[in-house]
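Q: Can we go through this model together? I'd like to start with the metal site, then move to the sheet and the aromatics.

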Amino acid sequence: DGSELAEFENAIDSNYREPNKDWFGKAEGRNVIMISLESLQSFVINNEMNGHEVTPFLNSIIDDSLYFENFYHQTSQGKTSDSEFILDNSLFPTDRGAVFFTHSGNTYNSLTKELNGMNYFTNTMHANNKSFWNRDIMYDAFGYDCFYELNDYEVNEENSVGWGMKDDPFFKQSVEHMKEMPKPFASKLITLTNHHPFVLDEEDKYIPEYDSNSGTLNRYFQTVRYMDEAVKNMFQYLKDAGLYEDSIIVMYGDHYGISENHNAAMKQYLGKDVDPYVSTQLQRVPMYIHIPGVTDEGKGKTFDHVGGQVDLRPTILHLLGKDTQGDIQFGSDLLAENREDLVVLRDGRFITDEHVYAGNACYDRETGEEVDAESCETTKPRADEKLMYSDKIIYGDLLRFYGEEGVINNEELNEQFQTK
Ligand code: GP9
Ligand code: MN
């Protein structure tokens, strides 16, 4: 009877938050440099491993950035590609296979398409085979102008390890490409060295291994430390190329690096049991927005409200001065003033300002103590609804019914909601 469609649209409209006037357009016209930090989890930030600082550079730029300390990844089986999907669309990935493979034929209203409309030269940079995760096909659906892939990099034995090109030479050669790009450009750079099984050449080991029974966790600290050094160098490469001042740099962890298989080793490192609460809190990934001339020289700010990768798209567009009202999206501007304090993970776990819902139990967010299940029950329908509507959009390819001005084909869309 059409009321389902109305419900659907209301549910999505309610995700939107008005931009914060202090931040709206603060990075207008700048190049956008988005850096996907492979497998980087927040627990290493401002932390030590047997007395060794793990992320000295990433720690040092917190004061020079907008930093979100309770920011969660929302990926599923599609790993890096899921994080890319979320960034571009502010939709949840699906929980069956990788959406990059299963729904590359859909219509998307991507961040990339918005940026194209704002005259950006949009591109994605990753020194791996272009068809890995079906990227070459999905990137066309998102509308990227260019994909700098394996063949666009000088990759040799010397500058490779593990999965391929090391992060430092990758950054260096990416900046060479940026110099040649039409301005303004929007680049997404996907790092690779901090990837399981976390291997490095001797010369790239800045700190020793950890001493648990998990070689994976032991080496993880070392490869994270390597990535930290590579990011530090990247900032310098941008400065040397004269690209730093005119850019905004957004950096985020794509997903966890240490799975539940290493809980015993994690328990040793954290000094506490990895129960469903701790495990959920370990899904936090670092998220930085660095705006030279605005947030640097100690003018940054750390935010403790909860957020997730679905919030990236509206946050970035609002910083660039493009309002996202009316867009079909499941996140909201991280800098908005009246945010809904709810982040939903793809597997149904969720986090509010007060609670963590995991393993069918409800925990106090501050203390980690299990509390009455009822405390989470009021939020659960809203959390489930978000996943359900996002799935509906992807499985029904519903974005093909929407255009710049909102609904373009209401009749067909209506039909979608009647014939289920
Ligand atoms: C592969 C890289 C790593 O190109 O993105 O993929 P992951 O295993 O993290 O999804
Ligand atoms: Mn990854």
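Q: Asp254 and His255: buried or exposed?
A: Asp254 is buried, and His255 is too. Buried means under 20% relative accessible area, exposed over 50%, partly exposed in between, with a 1.4 Å probe and protein chains only.

Q: What should I know about the model before reading on?
A: This is a predicted model: local features need pLDDT of at least 70, side-chain atom pairs count only at pLDDT 80 or more, and totals for chains, interfaces and linings use all residues. Residues are numbered from 1 along each chain as its sequence is written, chains are lettered from A and ligands numbered from 1 in the order in which they are written, and side-chain values use heavy atoms, with hydrogens and water left out.

Q: OK, which residues coordinate the manganese ion (ligand 2)?
A: Glu38 (OE, listed twice), Thr80 (OG1), Asp254 (OD) and His255 (NE2), at 2.1 to 2.3 Å. Donors are N, O and S atoms within 2.8 Å of the metal (3.2 Å for Na, K and Ca); water is not among the atoms, so sites may look incomplete.

Q: How are those donor residues spaced in sequence?
A: The spacing is E-x41-T-x173-D-H.

Q: Why is the arrangement around the manganese ion (ligand 2) irregular?
A: The six donor atoms subtend angles of 56 to 169°, so the arrangement is irregular. Six count as octahedral if opposite donors are over 155 degrees apart and all others between 65 and 115.

Q: Switching to the sheet. What is the strand order?
A: β6-β5-β9-β1-β10-β11-β4-β12, eight strands in an open sheet with mixed pairing. The edge strands are β6 (146–148) and β12 (301–308). Strands are DSSP runs of E, at least two residues, numbered from the N terminus. Two strands pair if DSSP finds at least two bridges between them.

Q: How do β4 and β11 pair?
A: Strand β4 (66–72) and strand β11 (287–290) are antiparallel, over two bridges. Tyr67 has Tyr288 in β11 as its bridge partner.

Q: Now aromatics. How many pairs are there in the whole structure?
A: A search finds 29 aromatic pairs. Rings of Phe, Tyr and Trp (its six-membered ring) pair if their centres lie within 6.5 Å; planes under 30 degrees apart count as stacked, over 60 as edge-to-face and the rest as tilted.

Q: What about Phe8 and Phe417?
A: That pair is tilted, at 4.8 Å centre to centre and 50° between the planes. Phe8 is buried at 0% relative accessible area, and Phe417 is buried at 4%.

Q: And Tyr139 with Phe147?
A: Their centres are 4.7 Å apart and the planes are at 80°, so the pair is edge-to-face.

Conventions: Helices (H or I, at least four residues) and strands (E, at least two) are DSSP runs, numbered from the N terminus. Four donors count as tetrahedral if all angles lie between 85 and 135 degrees; four count as square planar and six as octahedral if opposite donors are over 155 degrees apart and all others between 65 and 115; anything else is irregular.
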